[in-house]
Amino acid sequence: MKVLMLGWEFPPLFSGGLGIATYGIVKSLQDKAKIRLIIPSAGEASELDRVTIIGLKGLTSKEIDIEKLNFSLSFPHTEIVEVPIQF
């Protein structure tokens, strides 16, 4: 099974308490699924098996396109909708 998660934070980066809950969810799922966790800014690489953490802050447009392609190939009957980001 593959799981795509969206989160706000993940250890070792914290800005509140949500990272601890996200870590618990990822830790419980890691033996049952391959997880891709997308967060605003990623810290050091996770030592968890079968977990890929993607920090949006450092992604290039090419990397975003690759993520979209991987997602659409994994889930062919889904539609990817982008939310415009204004800075």
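How much area does the protein expose, and what share of it do carbon and sulfur atoms supply? In this model, which I should say at the outset is a predicted one, the protein exposes about 6,600 Å², and carbon and sulfur atoms supply 60% of that area. Of the 87 residues of the protein, 20% count as buried.

Let me turn to the fold. The protein has two helices and three strands, and from the N terminus on these elements run β-α-β-β-α. Among the contacts with a separation of 6 or more, 39% are accounted for by residues 24 or more positions apart.

Now to the interior. The largest nonpolar core has ten residues, including Val 3, Met 5, Phe 10, Val 26, Ile 35 and Val 51. Two or more residues of this core come from strand 1 (2–6) and likewise from strand 2 (34–39), and strand 2 gives the most, with three residues. Ile 35, if we leave aside its neighbours within four places in sequence, is in contact with Val 3, Met 5, Val 26 and Val 51, among others that include Leu 29 and Arg 50.

Phe 10 also brings us to the aromatic rings, for a search of the whole structure finds one aromatic pair. The ring centres of Phe 10 and Tyr 23 lie 5.8 Å apart with their planes at 50°, and because that angle is neither under 30 degrees nor over 60, the pair counts as tilted. Phe 10 sits in the loop between strand 1 and helix 1 (18–29), while Tyr 23 is in helix 1, 13 residues apart, so that the pair links distant parts of the chain. As for accessibility, Phe 10 is buried at 4% relative accessible area, whereas Tyr 23, at 32%, counts as partly exposed.

Notes
Residues are numbered from 1 along each chain as its sequence is written. This is a predicted model: local features need pLDDT of at least 70, side-chain atom pairs count only at pLDDT 80 or more; totals for chains, interfaces and linings use all residues. Side-chain values use heavy atoms; hydrogens and water are left out. A nonpolar core is a set of buried Ala, Val, Leu, Ile, Met, Phe, Trp, Tyr and Cys residues joined through side-chain atoms within 4.5 Å. Buried means under 20% relative accessible area, exposed over 50%, partly exposed in between (1.4 Å probe, protein chains only). Helices (H or I, at least four residues) and strands (E, at least two) are DSSP runs, numbered from the N terminus. Contact means heavy atoms within 4.5 Å. Accessible areas come from the Shrake-Rupley method with a 1.4 Å probe; for residues, only the protein chains shown count as cover. Rings of Phe, Tyr and Trp (its six-membered ring) pair if their centres lie within 6.5 Å; planes under 30 degrees apart count as stacked, over 60 as edge-to-face and the rest as tilted.
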